[in-house]
Amino acid sequence: MVEVLLFFIGASLLLYVLLGGADYGAGILEMLPAGEHRHAQKKVINEAMGPVWEANHMWLILVVVILFMGFPLVFTTLMTSLHTPMVALLLGIVVRGCAFTFRHYDAIQEPHSQKVYTVLFAASSLWTAFWLGVIAASLNRGAVDLTALNFYDAYVAPWWGLYPTAMGVFVICIFAFLASVYLVGETVSAELRKLFLRRAYFFNIAVMVSGGLVFAASAFENRYLFTAFFRNPLTVSMMAMATLLFVLLWFFIRKSRTLLTRAVAAGQVALILAGWYLLHAPNALITQQGPISFYDAAAPEATLQQLVVALVVGSVFIFPSLFYLLKVFKSDSAQKF
Amino acid sequence: MDDLLAARATMGFSLGFHIIFAAVGMTMPFFMSAAHYYFLKKKDEEFLELTKMWMKGVAILFAVGAVSGTVLSFELGLLWPGFMKHAGAIIGMPFSWEGTAFFLEAVAIGLFLYGWKRMKPWVHWGTGLLVGISGFASGIFVVAANGWMNAPSGFDWVNGQAVNIDPVAAMFNKAWFHQTLHMQLAALQAVGFAVGGIHAFLYLRGKAQSLHLKAMKIALSFGAVAAIAQPFVGHFAAQRVAVLQPAKLAAMEGHFKTEKGASLYIGGIPDVETQTMKWGIPLPGLLSFLAFDDFNAEVKGLDQFPRELWPPVVITHISFQVMVALGTAMAALGVLFLILLRKDRWPAWFLKLLVLFIPMGFVALEAGWIVTEVGRQPWIIYGIMKTRDAVTPVPGMKYHFYLFLFVYLALSFITVWLLRRQILAAQRKFEG
């Protein structure tokens, strides 16, 4: 049962990063100067994100629900030791969802209020992506101290440092990269496509540089992670493959193969995510007192069974409706396949 | 402010805030679908206009409901890790179903909002209805989980650990049915009266009267039926509370001394020091009758419980009275509405009454939740775990409280401002 749930956690996280992550990236892109294209860019982003962002956000909720029902100890430890980054994340989620919706549905569209919404949407996208990275890094950093007696060791040290910061920047770059690649296929305007392609180039390089920084930072502050990485041939080959795929990505971009381009970019991110998880599988969290594995933290069998039933039955409803959603709204861009 | 109080206050206003948007999200899609149905059947453009007006309102309120619901799912762990450590495995099941239903709702709302020109009309209509159905289902699951906190079941509590966990028995706990029924009706009632009242107000302003009348009729038809059924359901719920949580019932009624033929008090403020009711109007024997269908039945008073296990009596009692008073008034208004609907005559005084009642359903809803939650104190899991033993060890919770208070106040302000702009823009359209 634990394995089935691990599959669902992995799949949900992956889909959250690939779909929800691109929505964050779109917000981050709106922070960059776009000159005369600003308005057109906003329109493309509204149309691409509007119908799907609520559904994309649900993958995160699903992870939270699986954790608190199936692995309560993991959930409560995370929410206690990483209290501050979780609160920061929540704040970003609230501001971002509201700003995006309000921008679109404000009945009186005037430049001043629209600008406020856009600034809030963009800034909170960047902010939330950063904290997602910080939380991800804190899971395998090993600084969570379950027996700490003072405030700093218990609630600050687990996430405060170079490695989580670098991871935050890395996640920002990944999300912006995904959004740029996806958005190229969302518009027919040659000008806008050029803009998004330039962004894709820029964030392609940014992903590599910040990815290097993540390694540098982890090596600088935490030798365990660095050595663990190079000791695991699977992880190393995944990262190598993700990097090599950039060649294929730009080949497809040159050929204007929208769907293949998206698939390759998504594949790269999937490899990075899988590599990151394999580093400490099957542990959910590394603490100073040792790892907490999903197996140790699992709820009783009866609970896990019910959770799997809910997830399987839910999938039967959710996946067809999601495909239908994508078919209704994304079939235009798919035609350019 | 100590950490426990800060955590309770944060949870309190997070729930109180979310419940408004959740209630709208799970009922208003039905109003919208009804208007949409009439448009598709009768081809009357006014119904289309109305569907789109309501849709924009739903879009804004749904988004706020979705993000404030996300906050709550995190807050369960951020504020109450001691609770979730044990409760997650027992009561996670309704949450996993709620997640599924909410996911469907999110997909359906994307399809409905943006799918006007991309789907066949009746398929599109169906997606709108699906928003309502899945939203309504999520509401039932979440309230069932709350029911478990009031009537815990599906596990054995041995030396501070839950064993023999049965998630199905936990979900179908003894409080799930009356609580969900009561809450779902309350949502229909609150939103029906709020929307109906807003359109009554706009009708009185004199523009686009035929549209606002249609809107008011749809919204209040839902609201009136729910309001008329509610006193009966409420009575049933109170009878369950009398059995399951006698201390809560005693606090609700300000009933200090165990007695046969207990009096029901209308109004009044309980004085905890002297253990008496001040200024209330007693109706002898009625409390016994309401609780146990027998004028002579014995009703347990607070004297049956050690003082440290009393819920805050004054808050619980006053909230209960507010809820019952408003519920009764709304049931009466509901009957009146149905009579006027048959004659299709809408006197101004009735419409003005409706305007007065715009917030009342929500006031009653909040008061009811205060009764449920404050009335369960000092327990977080009734009879099993105290709230103070569940709170997070993280210090400085008051900053958490101030932060979210600020965010939610700002959001409330902006949401009201946005809805006002919706109405203004619509009015302007009718003028020009």
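Of the 432 residues of chain B, 54% count as buried. Please keep in mind from the start that this is a predicted model. Chain B is built with 13 helices and ten strands, while chain A has 14 helices and two strands. Below is a friendly tour, beginning with the two chains as wholes and then moving to particular places in each.

**Chain B as a whole**

- A compact globule of 432 residues would have a radius of gyration near 22 Å, and chain B, with 23 Å, agrees with that.
- Measured out along its principal axes, the C-alpha trace of chain B would fill a box: it spans about 65 × 45 × 40 Å.

**Chain A as a whole**

- In chain A, 53% of the 337 residues count as buried.
- For 337 residues, the radius of gyration of a compact globule would be near 20 Å; chain A has 20 Å, so the two agree.
- The C-alpha trace of chain A spans about 55 × 40 × 40 Å along its principal axes.**Helix packing in chain A**

- Packed helices can be described by the angle between their axes together with the distance between those axes.
- Take helix α8 (residues 162-184) of chain A and helix α9 (residues 190-221) of chain A: their axes come within 7 Å and cross at roughly 160°.
- Because an angle over 145 degrees counts as roughly antiparallel, α8(A) is roughly antiparallel to α9(A).
- The crossing of α8(A) and α9(A) is left-handed.
- What kinds of residues make up the contact of α8(A) with α9(A)? They divide into 23 nonpolar, five polar and three charged.
- Helix α8(A) has another partner to look at, helix α6 (residues 111-141) of chain A; the axes of α6(A) and α8(A) come within 7 Å and cross at roughly 130°.
- At that angle, α6(A) and α8(A) are oblique to each other.
- Is the crossing of α6(A) and α8(A) left-handed or right-handed? The crossing of α6(A) and α8(A) is right-handed.

**The strands of chain A**

- Strand β1 (residues 283-287) of chain A is mostly covered, with four of its five residues buried.
- β1(A) pairs with strand β2 (residues 290-293) of chain A in the antiparallel sense, over four bridges.
- The link between β1(A) and β2(A) is a hairpin of two residues.
- To follow the pairing by eye, start at Ile286(A), whose bridge partner in β2(A) is Pro291(A).

**Two residues of helix α12 in chain A**

- Helix α12 (residues 258-278) of chain A contains Ala263(A).
- Ala263(A) has 14 C-beta neighbours inside 10 Å and therefore counts as partly exposed, since that label covers the range between 12 or fewer for exposed and 20 or more for buried.
- The C-alpha atom of Ala263(A) is separated by 36 Å from the C-alpha atom of Ala143(A), and these residues are 120 residues apart along the chain.
- Leu259(A) is also found in helix α12 of chain A.
- With 15 other C-beta atoms within 10 Å, Leu259(A) is partly exposed.
- How far is the C-alpha atom of Leu259(A) from that of Leu91(A)? The two atoms are separated by 34 Å, and the residues are 168 residues apart along the chain.

**Backbone details in the loops of chain B**

- The peptide bond from Gln377(B) to Pro378(B) is cis, and its omega is near 5°.
- Where does Pro378(B) sit? Pro378(B) is in the loop between α12 (360-374) and β9 (379-381) of chain B.
- Asn159(B) is not a glycine, although it has a positive phi of about 50°.
- The loop between β1 (156-158) and β2 (161-163) of chain B holds Asn159(B).
- Is Asn159(B) buried or exposed? Asn159(B) has 5 other C-beta atoms within 10 Å, so it is exposed.
- Asp293(B), a residue other than glycine, likewise has a positive phi, with a value near 60°.
- Asp293(B) lies in the loop between α9 (286-292) and β8 (298-299) of chain B.
- Asp293(B) is exposed because it has 9 other C-beta atoms within 10 Å.

Conventions: Residues numbered from 1 in each chain as written. Chains lettered and ligands numbered in written order. Predicted model: local features only at pLDDT ≥ 70, side-chain atom pairs only at ≥ 80, totals over all residues. Axes fitted to C-alpha atoms, helices over the stretch in contact; angles between N-to-C directions. Parallel < 35°, antiparallel > 145°, perpendicular 65-115°, else oblique. Left-handed = near helix turned anticlockwise from the far one by under 90°. Nonpolar A, V, L, I, M, F, W, Y, C, P; charged D, E, K, R; others polar. Pairing = 2+ DSSP bridges. Rg over C-alpha atoms; globule rule 2.2 N^0.38 Å.
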